[in-house]
Amino acid sequence: MGKKFDLVKVPTQKGRVAIVTGANTGLGFETALAFAKKEIKVIMACRNEQKANDAINRIKEEVTEANLEFIPIDLMDLESVKSFAAAFKKGHDRLDLLINNAGIMIPPYQETKQGFESQMGVNYFSHFLLTGLLIDLINSTKGSRIVTLSSIAHQTGEIDFDNLNADEATYKKSKVYSQSKLACLMFALELNRRLAAAGVDTLSVASHPGIATTELARYIPKLLYYVLYPIFIFMSHNPENGALPTIMAALDDDVHGGDYFGPSSKREMKGPPKKVKGRPHAYDEDVARKLWEVSEELVSFKFDV
Ligand SMILES: NC(=O)c1ccc[n+]([C@@H]2O[C@H](COP(=O)([O-])OP(=O)(O)OC[C@H]3O[C@@H](n4cnc5c(N)ncnc54)[C@H](OP(=O)(O)O)[C@@H]3O)[C@@H](O)[C@H]2O)c1
């Protein structure tokens with residue numbers, strides 16, 4: 001068993017810069033708050049200015065000196081991802097931590113600006129492009145890390161190359177969510193293999209929160225949600241604890257490229273964070289390579305690693 005992660009014992013990270021997508025609520029908010037406590041400058045990469053400012057105010061109530069900046073990003077639009085990356089690069093010459101956190105789960109069928117099914121678009125393709133656009137800066141920052149959020153849902157996921165972007169007629173929302181979270185995990189692992197092969201010291205790792213009580217449940221039908229609520233509460237933990245695997249992945253000193261972090265209970269639904277293992281199919285290098293190549297084509301961007 002590895003050593004326990006204790007956030008209190010993590011030393012100050014003053015001078016370091018992090019981007020957290022979806023930092024205004026849920027796990028992203030808790031991650032940003034923890035980073036602020038460690039004196040990291042946090043870029044709040046959010047789509048809604050009002051929500052971002054409210055989150056900034058809530059963090060400042062706890063950490064008066066917090067260094068926080070809102071830069072807008074809408075992951076439903078690759079052009080917005082490009083504008084975000086350009087705006088960030090204009091004001092910063094280093095990026096220590098990129099946290100690919102924002103996500104949506106089982107929404108009704110909708111398409112992103114470029115016509116991707118929204119769960120694949122927001123959870124996976126936009127973060128793929130965002131990472132690619134920032135990778136030069138990340139790689140030039142010593143000790144940098146990229147943490148990508150996956151989920152227990154990856155376990156039942158399958159990369160369906162014949163239908164990577166479901167259309168309305170073939171849309172099965174839970175299946176697509178699982179696919180998007182498997183894609184995130186495979187991306188984190190493939191990115192790490194590529195970084196290692198290129199001889200850069202940047203680490204790409206992944207994390208999942210188990211089950212945390214956040215707004216991610218917003219698309220679960222209300223009646224079903226209330227019926228399942230007692231079981232849900234028993235199985236889950238709060239966002240503060242749910243964010244710990246991500247924070248451990250970002251800040252612990254015993255982290256290696258390709259590591260995956262999650263809660264420590266038997267089914268990884270809650271509990272203190274630790275290193276975990278994804279399902280074997282997540283480590284399929286042929287599928288990961290093909291997914292990478294197809295993703296480069298679909299977002300019209302070639303990674304420089
Ligand atoms: N909670 C869980 O049990 C659980 C389990 C497994 C994995 N995860 C993963 O954890 C990550 C964080 O989820 P959460 O539980 O914290 O959910 P959440 O409370 O719903 O927060 C999601 C965040 O993503 C943002 N977001 C959604 N669509 C966006 C877009 N188009 N552009 C920019 N930002 C967007 C949301 O912004 P708005 O507030 O503006 O909507 C919000 O800030 C997700 O990747 C999720 O898949 C969560």
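# Helix packing and the ligand shell

In this structure, helix H3 passes helix H4 in a right-handed crossing. Keep in mind as you look around that this is a predicted model. There is also a ligand to explore, with 31 residues surrounding it. The points below start with that ligand, move through the helix pairs, and finish with a few individual residues worth finding on your screen.

**Around the ligand**

- Of the 31 residues that surround the ligand, the closest are Gly22, Gly26, Ala102, Gly103 and Thr214.
- Two helices, H1 (26–37) and H4 (118–139), each supply at least two residues of this shell.
- H1 gives the most to the shell, with three residues.
- Sorted by class, the shell holds 14 nonpolar, 13 polar and four charged residues.

**H3 against H4**

- Helix H3 covers residues 78–91, and its axis comes within 9 Å of the H4 axis, with a crossing angle of roughly 25 degrees.
- Angles under 35 degrees count as roughly parallel, and H3 and H4 are therefore roughly parallel to each other.
- On the H3 side, the contact is made by Leu78, Val81, Lys82, Ala85 and Lys89.
- H4 answers with Ser126, Leu129, Leu130, Leu133, Leu134 and Leu137.
- The residues of this contact divide into eight nonpolar, one polar and two charged.

**H1 against H2**

- H1, the helix that gives the most to the ligand shell, also packs with helix H2 (residues 49–62) at an angle of about 40 degrees, with the two axes 10 Å apart.
- H1 and H2 are therefore oblique to each other.
- Their crossing is right-handed.
- Phe29, Ala32, Leu33 and Ala36 in H1 meet Ala55, Ile59 and Glu62 in H2.
- By class, the contact of H1 with H2 has six nonpolar residues, no polar residues and one charged residue.

**H5 against H9**

- Helix H5 (residues 173–198) and helix H9 (residues 285–299) have axes 9 Å apart and pack at an angle of about 95 degrees.
- Since 65 to 115 degrees counts as roughly perpendicular, that makes H5 roughly perpendicular to H9.
- From H5, the residues that meet H9 are Ala183, Met186, Leu189 and Glu190.
- Their partners in H9 are Val287, Ala288, Arg289, Leu291 and Trp292.
- Seven nonpolar, no polar and two charged residues make up the contact of H5 with H9.

**H8 and its Met248**

- Helix H8 (residues 244–251) is mostly covered, with eight of its eight residues buried.
- The buried residues of H8 are Leu244, Pro245, Thr246, Ile247, Met248, Ala249, Ala250 and Leu251.
- Met248 is a good one to click on in helix H8: it counts as buried because 27 other C-beta atoms lie within 10 Å.
- Leaving aside its neighbours within four places in sequence, Met248 is in contact with Phe5, Phe261 and Pro273.
- Met248 and Leu7 are 241 residues apart along the chain, yet their C-alpha atoms are separated by 7.8 Å.

**Glu296 in H9**

- Glu296 has its place in helix H9.
- This residue counts as partly exposed because it has 15 C-beta neighbours inside 10 Å.
- Setting aside neighbours within four places in sequence, Glu296 is in contact with Phe301, Lys302 and Phe303.
- The C-alpha atoms of Glu296 and Leu129 are separated by 8.2 Å, although the two residues are 167 residues apart along the chain. Leu129 is one of the H4 residues in the contact with H3.

**Two residues with positive phi**

- As background, most residues other than glycine have a negative phi.
- Glu39 is not a glycine, but has a positive phi of about 65 degrees.
- You will find Glu39 in the loop between H1 and strand E2 (41–46).
- With 16 C-beta neighbours inside 10 Å, Glu39 counts as partly exposed.
- Ser300 also has a positive phi, of about 55 degrees, although it is not a glycine.
- Ser300 sits in the segment after H9.
- Buried or exposed: which is Ser300? Ser300 is exposed, because 9 other C-beta atoms lie within 10 Å.

Notes
Residues numbered from 1 in each chain as written. Predicted model: local features only at pLDDT ≥ 70, side-chain atom pairs only at ≥ 80, totals over all residues. Near = placed C-beta within 6 Å. Helix = DSSP H or I, 4+ residues; strand = E, 2+ residues; numbered from the N terminus. Nonpolar A, V, L, I, M, F, W, Y, C, P; charged D, E, K, R; others polar. Axes fitted to C-alpha atoms, helices over the stretch in contact; angles between N-to-C directions. Parallel < 35°, antiparallel > 145°, perpendicular 65-115°, else oblique. Left-handed = near helix turned anticlockwise from the far one by under 90°. Contact = placed C-beta atoms within 7 Å. Buried ≥ 20, exposed ≤ 12 C-beta atoms within 10 Å, placed from the backbone.
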